[in-house]
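Here is a friendly walk through one protein chain, written for someone who likes to know which residues meet which. Have the structure open as you read.

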Amino acid sequence: MIPAITRMHEIQVTLQTDKVERIPCGTSSGVVVFFDRIEVVNRLRPELAYETIKNYTIDYDKTWIFNKIHHEINQFCSSHSLQDVLIDKFSDLDDSLKEALLKGCKEWAPGIEIISVRVTKPNVPEEIRLSY
């Protein structure tokens with residue numbers, strides 16, 4: 001007889017903060033900057049935890065938070081100048097990332113609740129920073 005349960009994992013269903021680190025950002029003007037950290041406060045809804053894990057494994061946050069943040073930053077940076085990334089549009093970035101995460105999760109992974117997103121200022125290469 002084969003056992004019905006072969007593995008067990010503890011899954012956190014309280015608030016957690018995922019830290020996506022060292023994210024490259026290639027601007028439309030050709031300058032590459034790095035975001036040291038983007039923090040995503042999220043929660044796995046207990047009533048949808050089984051379905052989420054079944055569909056995306058225990059590493060559901062890799063797909064829906066870590067990879068999605070990298071993708072969205074790449075999209076944002078490639079269509080904006082260094083001036084936009086650093087100054088003009090930076091204040092809207094956390095809200096636009098949150099909206100993108102919410103949209104994806106609502107459609108494909110409703111068990112993941114996105115609470116907030118915090119973006120650190122990107123690091124600019126020294127030679128660019130001095131002339132900026």
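What follows covers the strands, the core, the disulfide and the salt bridges in turn. Please keep in mind that this is a predicted model.

**Strands**

Let's begin with strand 1 (residues 16–26) and strand 2 (residues 32–44), which run antiparallel and are joined by ten bridges. The two form a hairpin with five residues between them, and glycine 30 in the turn has a positive phi of about 90 degrees. Within this pairing, isoleucine 23 of strand 1 stands opposite phenylalanine 35 in strand 2.

Strand 2 has further partners. Seven bridges connect strand 2 to strand 3 (residues 112–119), again antiparallel, and here valine 41 stands opposite serine 116. Strand 4 (residues 122–123) also runs antiparallel to strand 2, with two bridges between them. There, phenylalanine 35 stands opposite proline 122.

Arginine 22 gives a close-up of the hairpin from strand 1. Its C-alpha is 4.5 Å from that of aspartate 36, although the two are 14 residues apart in sequence. Beyond its sequence neighbours within four places, arginine 22 is in contact with Phe34, Phe35, Asp36 and His70. With a relative accessible area of 48%, arginine 22 is partly exposed, because the exposed class begins over 50%.

**The core**

Which residues have the most contacts inside the largest nonpolar core? They are Phe35, Ile38, Ile69 and Ile73, in a core of 32 residues. The elements that give two or more residues to this core include strand 1, strand 2, strand 3 and helix 4 (90–108). Helix 2 gives the most, with seven residues.

Isoleucine 69 shows what such a core residue meets: leaving out residues up to four places away in sequence, it touches Val20, Ile23, Ile38, Val40, Leu97 and Leu101.

**Cysteines**

The whole structure has one disulfide. Cysteine 25 and cysteine 77 form it, with their sulfur atoms 1.8 Å apart. This pair links distant parts of the chain, since cysteine 25 sits in strand 1 and cysteine 77 in helix 2 (residues 60–78), 52 residues apart. The torsion about the S-S bond is about -105 degrees, so the disulfide is left-handed. Both of these cysteines are buried. Cysteine 105 is buried too, with a relative accessible area of 1%.

**Salt bridges**

Side chains of opposite charge can pair when their charged atoms come close. The count here comes to six salt bridges, and the table shows some of them, including the closest N to O distance in each.

| Pair | N to O distance |
|---|---|
| Arginine 118 and glutamate 39 | 2.6 Å |
| Lysine 68 and glutamate 72 | 3.2 Å |
| Glutamate 113 and arginine 45 | 3.9 Å |

The pair of arginine 118 in strand 3 and glutamate 39 in strand 2 links parts of the chain 79 residues apart. Arginine 118 is partly exposed, at 40% relative accessible area, whereas glutamate 39 counts as buried at 13%. Salt bridges that share partners join Arg37, Glu39 and Arg118 into one network.

Glutamate 113 lies in strand 3 and arginine 45 in the loop between strand 2 and helix 1, so their salt bridge ties together parts that are 68 residues apart in sequence. Glutamate 113 is partly exposed, with a relative accessible area of 23%, and arginine 45 is partly exposed at 28%.

Lysine 68 and glutamate 72 give a local example: both lie in helix 2, four residues apart, about one turn of the helix.

Terms used:
Residues are numbered from 1 along each chain as its sequence is written. This is a predicted model: local features need pLDDT of at least 70, side-chain atom pairs count only at pLDDT 80 or more; totals for chains, interfaces and linings use all residues. Side-chain values use heavy atoms; hydrogens and water are left out. Buried means under 20% relative accessible area, exposed over 50%, partly exposed in between (1.4 Å probe, protein chains only). Contact means heavy atoms within 4.5 Å. A disulfide is a pair of cysteine sulfur atoms within 2.5 Å. Two strands pair if DSSP finds at least two bridges between them. A nonpolar core is a set of buried Ala, Val, Leu, Ile, Met, Phe, Trp, Tyr and Cys residues joined through side-chain atoms within 4.5 Å. A salt bridge is a side-chain nitrogen of Lys or Arg within 4 Å of a carboxyl oxygen of Asp or Glu.
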